[in-house]
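Please take a careful look at the model shown below, and keep it in view while reading the paragraphs that follow.

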Protein chains: 4
Amino acid sequence: MQVEKIAVVGATGYSGEELVRLLLRHPGVELACVTSRQYAGKALGEVYPKFRGLKYDALPVTASEASAVVASGARIVFLALPHGVASEFAAPLLDAGLRVIDLSADFRLKDKAVYKEFYGKEHPAPGLLSKSVYGLPELYREKIAAANLVASPGCYPTSIILPLVPLLKAGLIDPQSIVVSSMSGVSGAGRKVEADYLFVECNESVRPYGLPKHRHLSEIEQELGNAAGGKVTISFTPHLIPVNRGILTTIYAAPARGVAPEKISEAMGQSYKNEPFVRLLGEGLYPDIKNVAYTNFIDIAWRHDPRTGRLVLMSAIDNLIKGASGQAVQSMNLMCGLPETLGL
Amino acid sequence: MQVEKIAVVGATGYSGEELVRLLLRHPGVELACVTSRQYAGKALGEVYPKFRGLKYDALPVTASEASAVVASGARIVFLALPHGVASEFAAPLLDAGLRVIDLSADFRLKDKAVYKEFYGKEHPAPGLLSKSVYGLPELYREKIAAANLVASPGCYPTSIILPLVPLLKAGLIDPQSIVVSSMSGVSGAGRKVEADYLFVECNESVRPYGLPKHRHLSEIEQELGNAAGGKVTISFTPHLIPVNRGILTTIYAAPARGVAPEKISEAMGQSYKNEPFVRLLGEGLYPDIKNVAYTNFIDIAWRHDPRTGRLVLMSAIDNLIKGASGQAVQSMNLMCGLPETLGL
Amino acid sequence: MQVEKIAVVGATGYSGEELVRLLLRHPGVELACVTSRQYAGKALGEVYPKFRGLKYDALPVTASEASAVVASGARIVFLALPHGVASEFAAPLLDAGLRVIDLSADFRLKDKAVYKEFYGKEHPAPGLLSKSVYGLPELYREKIAAANLVASPGCYPTSIILPLVPLLKAGLIDPQSIVVSSMSGVSGAGRKVEADYLFVECNESVRPYGLPKHRHLSEIEQELGNAAGGKVTISFTPHLIPVNRGILTTIYAAPARGVAPEKISEAMGQSYKNEPFVRLLGEGLYPDIKNVAYTNFIDIAWRHDPRTGRLVLMSAIDNLIKGASGQAVQSMNLMCGLPETLGL
Amino acid sequence: MQVEKIAVVGATGYSGEELVRLLLRHPGVELACVTSRQYAGKALGEVYPKFRGLKYDALPVTASEASAVVASGARIVFLALPHGVASEFAAPLLDAGLRVIDLSADFRLKDKAVYKEFYGKEHPAPGLLSKSVYGLPELYREKIAAANLVASPGCYPTSIILPLVPLLKAGLIDPQSIVVSSMSGVSGAGRKVEADYLFVECNESVRPYGLPKHRHLSEIEQELGNAAGGKVTISFTPHLIPVNRGILTTIYAAPARGVAPEKISEAMGQSYKNEPFVRLLGEGLYPDIKNVAYTNFIDIAWRHDPRTGRLVLMSAIDNLIKGASGQAVQSMNLMCGLPETLGL
């Protein structure tokens with residue numbers, strides 16, 4: 001198998017670091033270029049003490065410039081940059097013929113008006129929105145394989161969209177009945193040096209935030225709407241919990257009129273039984289962050305509550321892997337024609 | 001002020017320990033008797049290293065027998081015993097003229113059929129159910145003051161009932177629309193020596209459990225039904241999170257038809273503005289377990305979501321204090337005619 | 001008893017916050033003035049959500065200026081300011097006749113040369129060094145009671161000095177054999193908004209730091225030297241561990257020639273048997289941060305190792321209470337003629 | 001390369017689970033047999049929810065009997081059994097021609113009298129002691145490669161022996177001056193269902209234990225003695241800290257007379273510069289559990305303290321990997337003639 005050259009732009013956040021960690025062990029690619037505004041000039045092993053002694057620990061980190069990426073010979077570029085910054089980088093890289101996997105929110109929305117509504121400004125590169133593919137392999141496998149621009153999903157969206165899409169597609173639940181509570185580990189906030197994320201402020205603390213209109217709602221509702229074949233609006237409350245990694249999501253929905261509970265299990269099984277990274281939990285099992293940490297799995301369980309008639313769906317992912325870098329590598333594998341699970 | 005003699009039966013669980021800690025510093029009572037099956041014969045300071053050097057550290061722990069409690073001269077007895085065991089103790093103590101504050105679930109339900117449905121067996125002392133008062137001072141202050149048997153509420157119920165009752169009483173929300181996600185610290189499971197509660201199994205873990213019919217639902221729905229004036233059935237998912245103490249509850253409900261969002265704030269304010277342990281959070285503030293830990297406060301916030309029309313209510317308590325021992329002391333203060341906040 | 005007016009200057013760090021929390025519940029004092037550079041103009045309850053609903057939650061926070069403190073009528077002032085800043089404040093307050101309890105390191109050293117060696121600059125108010133009393137009540141009770149300027153000790157020093165002083169005074173250990181490993185909770189670093197103290201960087205992490213010459217060594221060796229009657233130089237390694245509060249210190253020392261192990265226990269007992277905040281642990285017990293958290297106790301244990309001949313001493317304190325604010329309140333009680341344990 | 005068949009006996013502890021996790025991803029071996037007394041009859045994926053969806057998740061767990069292991073065709077067997085139980089298993093497996101890597105303490109000591117002193121009973125298979133090789137590849141690489149019985153070291157010993165051996169071999173430190181403080185994550189205690197290891201008892205807790213004569217001292221002093229060419233007796237205090245994984249060890253030692261500090265660095269560099277799993281940290285860097293978690297690395301740093309003349313050595317490992325299962329796999333690679341780092 002031919003080894004593809006890869007670049008990572010913006011490797012200093014938690015997602016970028018995790019991406020590098022995954023690529024260091026990936027047998028099908030060569031890490032040709034790693035960039036960072038903050039650490040340019042240092043070796044990879046100096047920037048990340050945990051990468052010392054591993055392959056590439058002497059790789060020099062370069063400045064975050066598109067020209068440096070192109071010069072490295074990389075054919076696929078991961079952008080692990082803040083929202084808004086990624087779109088500036090994507091255009092010159094695409095023009096130079098590189099393929100881009102963007103981990104930011106910049107290319108996830110198809111409708112620039114929705115972008116403006118949720119991000120509070122005009123989209124910086126609206127022409128690219130129609131060219132990007134939403135990087136959820138379980139939904140868009142073929143398109144991702146052929147794409148030049150992949151918009152890798154956010155962590156909350158992954159944990160919410162995957163449990164719901166099979167049910168919405170099959171018309172088994174009422175799209176307007178969806179209520180979601182998610183609990184995220186602190187790395188989900190990124191490596192932000194703010195008082196809110198200090199150890200003492202997060203440890204022995206649990207708190208909701210960002211109500212009622214978290215930015216991730218835009219991509220969640222876009223994808224749920226695609227599945228339902230119409231507009232979907234949901235309630236969503238994110239919570240910050242004192243673990244490093246992981247998202248646990250609990251979803252409530254009313255079955256559509258006349259739908260027997262066993263149809264839910266059938267639809268889940270049909271959609272996901274052959275998916276390498278989706279694990280459907282049987283009776284008596286609940287998703288738990290610790291069972292998916294450091295893996296690319298999403299664990300999904302569901303229960304029908306005969307008392308209320310509601311369905312409860314639960315999922316767990318590692319926000320840095322299936323919720324970010326692992327999913328991006330899964331897309332990369334598809335784009336390179338490699339086995340989808342390689343290195344994951 | 002006259003100092004009341006107090007007993008604590010079953011002081012080895014987390015609630016019992018916390019109760020002793022509160023009573024040690026309470027200026028209005030004398031701890032006359034502490035019992036424990038496991039530690040009878042030891043001094044209090046030997047059983048709990050953290051109580052050495054404090055008042056009563058030499059108090060001998062006696063066996064858990066009603067006669068010993070009566071002999072101690074205690075006038076008020078806290079029962080911090082497992083569910084099912086408490087009811088056996090209550091009868092002889094009440095017969096002997098003592099007043100009982102029970103922290104278990106044994107006397108919380110008014111309907112013995114509901115008890116059987118949720119606890120899977122006949123109630124052991126059904127004759128006492130009509131005599132007990134549900135020990136939530138914000139709802140039943142006068143009745144508690146006069147009661148001989150107080151059934152102190154559970155931790156999840158406290159965090160759910162207090163935010164919802166003012167809205168149900170005023171008819172502001174649709175009782176059948178209520179969906180609740182709660183996150184509990186590990187002490188909520190009690191001091192159970194089971195693999196599920198080992199450090200390594202809980203740390204870096206988040207998991208739902210007990211779906212779809214947690215036992216606490218019975219008392220929650222009883223009290224919500226009382227407020228609504230009719231049967232209320234809700235969805236409730238508890239989650240275990242890696243903190244020692246605290247419950248964070250997030251509640252979703254649809255406003256009743258035609259209810260303007262500002263009515264919610266009015267009803268909350270009217271119900272709770274003078275309550276010493278209820279803090280209503282203003283704009284921009286969210287409840288956080290760390291702000292109520294080691295206190296008897298419940299912090300409550302709410303948001304109306306114009307996108308979905310739903311109301312989101314959030315609350316935080318210390319499960320061992322406002323969710324158990326602090327609330328029981330609050331009831332004791334009422335029963336003794338002491339200032340309600342004394343020692344809390 | 002007469003209620004003393006008190007001021008807290010610099011209430012935004014963890015020590016300042018804890019000090020306010022203790023003073024809110026202290027029955028013998030009135031909090032007349034709280035200052036903060038950052039939050040001047042807000043009410044106390046706005047600055048600290050956890051203080052809402054408590055006494056003084058409407059107290060306006062004033063700017064950190066000596067004149068405001070004097071104007072408030074406070075007789076005793078706590079300085080909870082960064083090192084170097086405190087000394088600027090102390091002089092005008094002392095001149096105005098107020099008594100000062102300083103929680104910084106500014107007045108802990110008697111020798112300005114040692115200050116310069118460890119803090120890297122000239123002492124800003126060397127004239128005050130001879131007037132200050134090192135605020136460790138177990139060693140300097142009478143001097144503190146009479147002092148106008150108390151230099152309240154640091155958290156590491158408290159956990160190290162108290163176990164060692166009785167043994168050094170009695171000549172029972174070799175002063176040059178002392179080796180100390182301490183483990184501190186993250187609040188020990190203060191509320192510093194730096195990447196090193198982010199939740200994700202501290203959780204699931206343990207690390208030494210500050211070797212080989214931590215600043216606290218200067219006051220530790222000063223006090224050990226006073227006890228030994230000569231210069232003492234020790235090895236000291238601090239470690240950062242993922243708990244909010246607490247210091248656990250383990251000390252190794254060689255008994256002086258010919259000293260029988262039982263002499264150690266005798267000396268400890270004689271020194272501390274009547275100390276209200278020192279708990280000497282008997283056989284089979286070890287200090288544990290969780291047993292002293294939220295208290296002003298120091299727990300001390302020791303073992304003689306016949307294999308090596310060395311003595312191992314272990315202590316635990318809450319770094320924010322006995323290691324900072326509680327100890328300062330203990331000194332305040334002494335200065336006001338109040339019972340030493342009042343409010344603690 | 002030929003794929004070796006492997007068995008794991010006793011896969012239900014944390015070390016056994018971690019071993020299975022490593023072997024699942026190891027490209028050079030086939031997991032032919034996994035045994036467990038508790039879970040015999042279940043599939044591997046049922047026993048460990050985190051292994052569902054991975055290779056071998058349908059592998060049936062067999063009862064822990066030597067005959068079943070032999071019948072599986074495994075050539076190398078890992079014993080992840082409690083101390084004392086492993087030795088019973090080893091003999092029949094060795095007799096049947098299998099090679100054994102034992103993760104317990106049963107074969108680590110060469111002297112059965114030392115075993116009796118530290119473990120309190122006669123060694124159950126003293127004849128095997130002379131045949132076993134201490135499985136620390138950095139010290140015994142060639143012997144391990146040829147061994148039929150490897151006694152894989154404990155977690156504390158690995159973190160202490162590796163930093164000290166180069167210095168003792170070169171005579172650079174005084175062997176009688178060694179003092180060690182270690183901090184271990186809770187998984188180091190094994191999956192013991194005891195109250196001491198409950199989440200609430202470990203979280204926000206730090207405590208020493210097992211003084212003054214921890215069992216691991218026996219193997220530590222054996223190996224240090226071998227390096228020093230004479231008996232070595234050290235002081236050692238283990239501490240339990242609230243992290244899942246990892247050991248941080250801090251060692252104090254006096255340089256031998258006349259040894260210049262730079263000799264230390266030379267000796268370390270010469271011993272370890274080509275070791276794939278030893279990382280020597282340069283100036284300004286400290287070991288941190290989070291940098292070695294989930295890896296087979298040991299990070300080592302040292303500082304000379306001119307004030308006391310003492311040397312401070314610090315190391316960090318993942319107790320379940322370099323301190324247990326990873327190290328055992330490293331030995332397995334040597335025994336199979338595979339690259340030493342394969343799968344690690």
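In this predicted model, strand β1 of chain C, residues 4-9, runs parallel to strand β2 of chain C, residues 29-35, and the two are joined by six bridges. Within this pair of strands, the residue of β2(C) that stands opposite Val8(C) is Val34(C). The two strands belong to an open sheet of seven strands in chain C, with parallel pairing, and a reader who follows the strands across the sheet meets them in the order β3-β2-β1-β4-β5-β7-β6. The edges of this sheet are held by β3 (61-62) and β6 (133-134) of chain C, and because each of them has a single partner strand, one side of each is left without a neighbour in the sheet.

From the strands we can turn to a pair of helices in another chain. Two packed helices are described by the angle between their axes and the distance between the axes. In chain A, helix α1, residues 14-24, and helix α12, residues 321-336, have axes that come within 9 Å and cross at roughly 45°, which means that α1(A) is oblique to α12(A). The crossing of α1(A) and α12(A) is, moreover, right-handed. On the side of α1(A), the contact is made by Ser15(A), Glu18(A), Leu19(A) and Leu22(A), while α12(A) contributes Ile321(A), Ala324(A), Ser325(A), Gly326(A), Ala328(A) and Val329(A). Sorted by class, the residues of this contact of α1(A) with α12(A) comprise six nonpolar, three polar and one charged.

The next step is to ask how the chains meet one another. How many residues of chain A are in contact with chain C? There are 16 of them, and they touch 16 residues of chain C. On the side of chain A that touches chain C, the largest share, three residues, is supplied by helix α8 of chain A, residues 199-202. That side of chain A has 10 nonpolar residues, together with three polar and three charged ones.

The arrangement of the copies completes the picture. A turn of 180° with a shift of 0.0 Å along the axis lays chain A on chain C, with an RMSD of 0.0 Å, and that is the relation of a two-fold axis. The same surface serves both of these copies, since 100% of the contact residues of chain A recur in chain C. Chain A is likewise superposed on chain B by a rotation of 180° with 0.0 Å of shift along its axis, at an RMSD of 0.0 Å, and here too the same surface serves both copies, with 100% of the contact residues of chain A recurring in chain B.

Note on methods
Residues are numbered from 1 along each chain as its sequence is written. Chains are lettered from A and ligands numbered from 1 in the order in which they are written. This is a predicted model: local features need pLDDT of at least 70, side-chain atom pairs count only at pLDDT 80 or more; totals for chains, interfaces and linings use all residues. Two residues are in contact if their C-beta atoms, placed from the backbone, lie within 7 Å. Helices (H or I, at least four residues) and strands (E, at least two) are DSSP runs, numbered from the N terminus. Ala, Val, Leu, Ile, Met, Phe, Trp, Tyr, Cys and Pro count as nonpolar, Asp, Glu, Lys and Arg as charged, and the others, Gly among them, as polar. Copies are superposed by least squares on the C-alpha atoms of residues with pLDDT of at least 70 in both. Axes are lines fitted to C-alpha atoms, for helices over the stretch in contact, and angles run from 0 to 180 degrees between N-to-C directions. Angles under 35 degrees count as roughly parallel, over 145 as roughly antiparallel, 65 to 115 as roughly perpendicular and the rest as oblique. A crossing is left-handed if the near helix is turned anticlockwise from the far one by less than a right angle, and right-handed if clockwise. Two strands pair if DSSP finds at least two bridges between them.
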